Amino acid sequence: TQTADNTTSPRAVDKFTADFTSPAEAAKPLDELRGYMAQMEARESALLDVVTDYVAGATARIGKVYRTLGVNADKIAKSSTYKPEAVGGPFIAASAADLGSKVLAQKISDLSTELDRWETLKFQSTRLPLVKPMSPGHATSSTFGLRKDPFRKRPAMHAGIDFRGKTGSPVHATAPGKVIKAGWSGGYGKMVEVRHDGGVTSRYAQLSIISVRTGQKVKSGDRIGKVGSTGRSTGPHLHYETRVGGRAIDPVRFWKARDVFQEITR
C-alpha cells in the first residue's frame, strides 16, 4: 500500500516480513524446487543408465553370435542400409536447453547410439542365410567336414551339406542378396551363388535347372533352381554351402544362430 508521499506503508512491510523474516527464508521455496528438480534428474539419469546398460548387453550378445559365424559385427553395422520404417520430418538437433540438463542430454545421446546399433544388428541378422534351402522333410545325405570322397574313396573336405531330393524338387534362396554366378561350375555342375551382406555368400549346386540369372536380386525364399545330379554327383541332391569372406562355414552354424537371434531379439 502506497502512502500520499509514495512510500510503502509500515503495515505492508510488516505483512511481508511476517511471511519471510530473512532473505534465506525468502529463498527457501526456490531452494526446495531446485532440490526436487535435482532429485528428478538423478532418478531419470539412473533410469537411463539401466536402460543403456541393458541395450548394450543385448548388443554385445548379438555381436558374439555374429563372431561365431565369422562375421564382423562392426563392419556389417557400418555398411548397413538399415532405416526405420515409416518415420521422417526435418532434423532439429536436441540440446541441453530442450531437456533442461546437460547430463540427461548426454545420457539420452548415449542411449540413442546403443539403440541404433542394436536395431541395425537386429535388422542385419534377417539378411543372413539362417534358413534351409529346401522344405522340411528333405534329409541330409552328407554333412560338413571331413568325409570319404564318394569317387576316390579317400578322406576329403566336404565344404557344404547335401540334401536328398527328387530331381526337380525346388531349391530356395536362404537370404536376400544378389546372384553373382548362375551357370556351370566344374564339379559343382549347374550352380547358383548368391552374395549377401557382410561378405557372406551361399552356393546351391548339382542343380538340374537354374531359375535365376547373374545380377538378379533375390529375396529369402525365392526359387533359384531345381534339384539335379549335374557335375560331380552320385545321384539327385542339393549341395549347399555358406561362405564368409570366401571361407566355407558349416551351414549348421547359421541355423543354430537363427534360434539365438530369435531368443535375443524377441
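Trainee: Which residue meets Lys-107 in a salt bridge?

Mentor: The model is predicted: local features need pLDDT of at least 70, side-chain atom pairs count only at pLDDT 80 or more, and totals for chains, interfaces and linings use all residues. Residues are numbered from 1 along each chain as its sequence is written, and side-chain values use heavy atoms, with hydrogens and water left out. A salt bridge is a side-chain nitrogen of Lys or Arg within 4 Å of a carboxyl oxygen of Asp or Glu. At 2.8 Å, N to O, the side chain of Lys-107 meets that of Asp-49.

Trainee: How many residues apart are Lys-107 and Asp-49?

Mentor: Helices (H or I, at least four residues) and strands (E, at least two) are DSSP runs, numbered from the N terminus. Lys-107 belongs to helix α5 (residues 102-125) and Asp-49 to helix α2 (residues 23-68). The pair thus links distant parts of the chain, the separation being 58 residues.

Trainee: Is Asp-49 buried or partly exposed?

Mentor: Buried means under 20% relative accessible area, exposed means over 50%, and partly exposed lies in between (1.4 Å probe, protein chains only). The relative accessible area of Asp-49 is 32%, so Asp-49 is partly exposed.

Trainee: Which residue of helix α5 forms a salt bridge with Lys-122, and why are the two about one helical turn apart?

Mentor: The closest N and O atoms of this salt bridge are 3.5 Å apart. Lys-122 and its partner Glu-119 are separated by about one helical turn because they are 3 residues apart in helix α5. Lys-122 is partly exposed at 24% relative accessibility, and its partner, partly exposed at 28%, is Glu-119.

Trainee: How far apart are the end C-alpha atoms of α5?

Mentor: The expected span of a helix is 1.5 Å times one less than its number of residues. For the 24 residues of α5 this gives 34 Å, which agrees with the distance between its end C-alpha atoms, 35 Å.

Trainee: How many salt bridges does the structure hold, and which residues does one network join?

Mentor: The structure holds 11 salt bridges. One of the pairs is Arg-258 with Asp-259, whose closest N and O atoms are 3.7 Å apart. Through salt bridges that share partners, one network joins Glu-193, Arg-203, Glu-241 and Arg-243.

Trainee: Which strand holds Gln-206, and what is its relative accessible area?

Mentor: Gln-206 has a positive phi of about 65° although it is not a glycine. Gln-206 is found in strand β8 (residues 200-210). Gln-206 is buried, with a relative accessible area of 4%.

Trainee: Which residue takes a positive phi in the hairpin of β2 and β3?

Mentor: Two strands pair if DSSP finds at least two bridges between them. Strand β2 (residues 145-148) and β3 are antiparallel and pair over 4 bridges, with Lys-148 standing opposite Pro-155 in β3. Between the strands of this hairpin there are 6 residues, and the positive phi, near 60°, belongs to Lys-153.

Trainee: How far from Tyr-188 does Gly-231 lie in space?

Mentor: Gly-231 is in the loop between β10 (223-227) and β11, and it is partly exposed, with a relative accessible area of 34%. Although 43 residues separate Gly-231 and Tyr-188 in sequence, their C-alpha to C-alpha distance is 5.3 Å.

Trainee: Which strand gives the largest share of the lining of the largest pocket?

Mentor: A pocket is an open set of points on a 1 Å grid over the protein atoms alone, where a 1.4 Å probe fits, with protein on both sides within 12 Å along at least five of seven lines; lining residues have an atom within 4 Å of a point. There are 24 lining residues in the largest pocket, with Arg-147, His-158, Asp-162, Arg-232 and His-239 nearest its centre. Strands β1 (140-142), β3 (155-158), β4 (161-164) and β11 (237-244) each supply at least two of the lining residues. The largest share, 4 residues, comes from β11.

Trainee: How much space lies in the second largest pocket?

Mentor: Its lining includes Arg-127, Arg-195 and Asp-197, and β6 (177-184) and β9 (217-218) each supply at least two of the lining residues. A volume is the space filled by probe spheres set on the grid points, which are joined across faces, edges and corners. The largest pocket holds about 430 Å³, and the second largest holds about 150 Å³.
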